[in-house]
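Student: Could you walk me through this fold one question at a time? I would like to see how each answer is reasoned out.

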Amino acid sequence: MKRKRGGGGVEVERGGGGGGSELKPAVDEFTLLKSDGHGNSNNNTEAFLSLSKLLLHVLDKIGPTMVVLRQDVHQNIERLEELYESNPSIYSSLVEILNKEFKDGTTKRATSCSRALLWLCRSMDFTVALLDKIEKDAEVSLNQAIEEAYQSTLKPWHGWISSAAYKVALKLIPEREEFISLLMTKGQDYNMLKKDIQCLISLLHPFLNDVHSILSTFDLERLKSI
C-alpha cells in the first residue's frame with residue numbers, strides 16, 4: 001500500500017485496483033496503525049484523524065447532497081489537526097487534548113477541539129450505521145439507509161436548524177446502485193465491497209465505543225447542536 005505522511009495525519013492514496021474497494025485503503029491504514037502500536041491506544045489522535053478523513057471520502061461518494069455535513073466534518077478535522085500539529089508529542093492522545101481544554105475551561109465552547117472531537121465521532125457513527133445497513137440489506141434504498149442511520153446517530157443531537165438542513169439534503173440522495181458503484185474500484189465486485197465494509201465496521205466499532213467512553217468522562221456526550 002502506498003502511503004504518505006503530511007499535515008499530522010496519515011494519508012492513503014485511494015482508487016486504483018489495489019485488490020479491494022474504495023474502502024480497502026482505510027482498512028489497511030487502520031490495521032497498519034494498530035500493528036505499529038498506535039491503534040493499541042484507544043485514544044490515538046493520528047488514528048482518529050485518519051478515520052475522520054475516511055468519513056469525508058464516503059460523504060464525497062454520496063455527492064453534493066451531503067455538502068453541509070461535509071463542511072462541518074472538514075472544519076472539525078482542521079480544528080483538531082491544528083492543535084495536534086502544534087505539539088504532536090503532547091497531543092498524540094485524545095485524552096490530552098480534552099484535558100487541556102478542561103483545564104482551560106474551554107471544553108464546551110462552540111469552537112473547541114472537544115466539540116470537534118464529539119461531532120466527528122458522531123459523524124463516524126452515522127457512516128458506520130449507513131455502511132452497515134447497505135451491507136446487510138440488499139433491498140434498502142440509499143435514501144432509506146441514510147434516513148435510518150441519521151435517526152439512530154445524529155438526529156438525537158440535532159436542533160431544529162440542523163434537522164431542517166438534513167431534510168432538504170435527503171431529497172437529493174442518489175440511487176443506491178450509483179453510490180455502491182462509486183465505492184467500488186475498477187474491476188471489483190459487490191462481494192469485495194461487502195467484505196471491506198464488514199472488516200471496516202469490525203475495526204471501527206470498538207474504537208468508536210472507546211472514544212465515546214472517553215467523551216463521557218468529560219461530560220460531553222449530552223451536548224447538542226442548535
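Student: How are α2 and α3 oriented to each other?
Tutor: Keep in mind that we are looking at a predicted model. The axes of α2 (residues 45–62) and α3 come within 10 Å and cross at roughly 160°. An angle over 145 degrees counts as roughly antiparallel. That is why α2 and α3 are described as roughly antiparallel.

Student: Which residues of α3 make the contact with α2, and what is the handedness of the crossing?
Tutor: From α2, the contact uses T45, E46, F48, L49, S52, K53, L55, L56, L59 and D60. On the other side, α3 brings in L69, R70, V73, H74, I77, L80, E81 and Y84. As for the handedness, the crossing of α2 and α3 is left-handed.

Student: How are α2 and α8 oriented to each other?
Tutor: Here the axes of α2 and α8 (residues 176–183) come within 9 Å, and they cross at roughly 135°. V58, K61 and I62 of α2 meet F179, L182 and L183 of α8, and the crossing is right-handed. Roughly antiparallel needs an angle over 145 degrees. The relation of α2 and α8 is therefore called oblique.

Student: What span does α3 reach from its first C-alpha to its last?
Tutor: Helix α3 covers residues 67–86, which is 20 residues. At 1.5 Å a residue, the expected value is 28 Å, and the model comes close to that. The span of α3 is 28 Å.

Student: Where around α3 do its buried residues sit?
Tutor: Start with the list: L69, V73, N76, I77, L80, E81, L83 and Y84 are the buried residues of α3. Around the axis they cover an arc of only 160°. The face turned away from them carries the exposed residues E82 and S86. Because of that arc, the buried residues are on the same side of α3.

Student: What arc holds the buried residues of α6?
Tutor: Helix α6 (residues 142–153) has 12 residues and reaches 16 Å, close to the expected 16 Å. Its buried residues are L142, A145, I146, A149, Y150 and T153. Seen down the axis, they line one face of α6, because they fall within an arc of 130°.

Student: Is W157 buried or exposed?
Tutor: W157 lies in the loop between α6 and α7 (160–170). Apart from residues up to four places away in sequence, W157 touches W119, R122, E221, R222, L223, K224 and S225. Its relative accessibility is 16%, and the cut-off for the buried class is under 20%. So W157 counts as buried.

Student: What C-alpha distance separates E221 from L118?
Tutor: E221 lies in the segment after α9 (190–217). Setting aside neighbours within four places in sequence, E221 is in contact with L118, R122, W157, H212, L215 and S216. E221 and L118 are 103 residues apart in sequence, yet their C-alpha separation in space is 7.3 Å.

Student: What share of the contacts with a separation of 6 or more joins residues 24 or more positions apart?
Tutor: One example of a distant pair is W157 and R222, which are 65 residues apart along the chain with C-alpha atoms separated by 7.8 Å. Over the protein, among contacts with a separation of 6 or more, residues 24 or more positions apart account for 72%.

Terms used: Residues are numbered from 1 along each chain as its sequence is written. This is a predicted model: local features need pLDDT of at least 70, side-chain atom pairs count only at pLDDT 80 or more; totals for chains, interfaces and linings use all residues. Side-chain values use heavy atoms; hydrogens and water are left out. Helices (H or I, at least four residues) and strands (E, at least two) are DSSP runs, numbered from the N terminus. The expected span of a helix is 1.5 Å times one less than its number of residues. Buried means under 20% relative accessible area, exposed over 50%, partly exposed in between (1.4 Å probe, protein chains only). The arc is that of the directions from the helix axis to the C-beta atoms. Axes are lines fitted to C-alpha atoms, for helices over the stretch in contact, and angles run from 0 to 180 degrees between N-to-C directions. Angles under 35 degrees count as roughly parallel, over 145 as roughly antiparallel, 65 to 115 as roughly perpendicular and the rest as oblique. A crossing is left-handed if the near helix is turned anticlockwise from the far one by less than a right angle, and right-handed if clockwise. Contact means heavy atoms within 4.5 Å.
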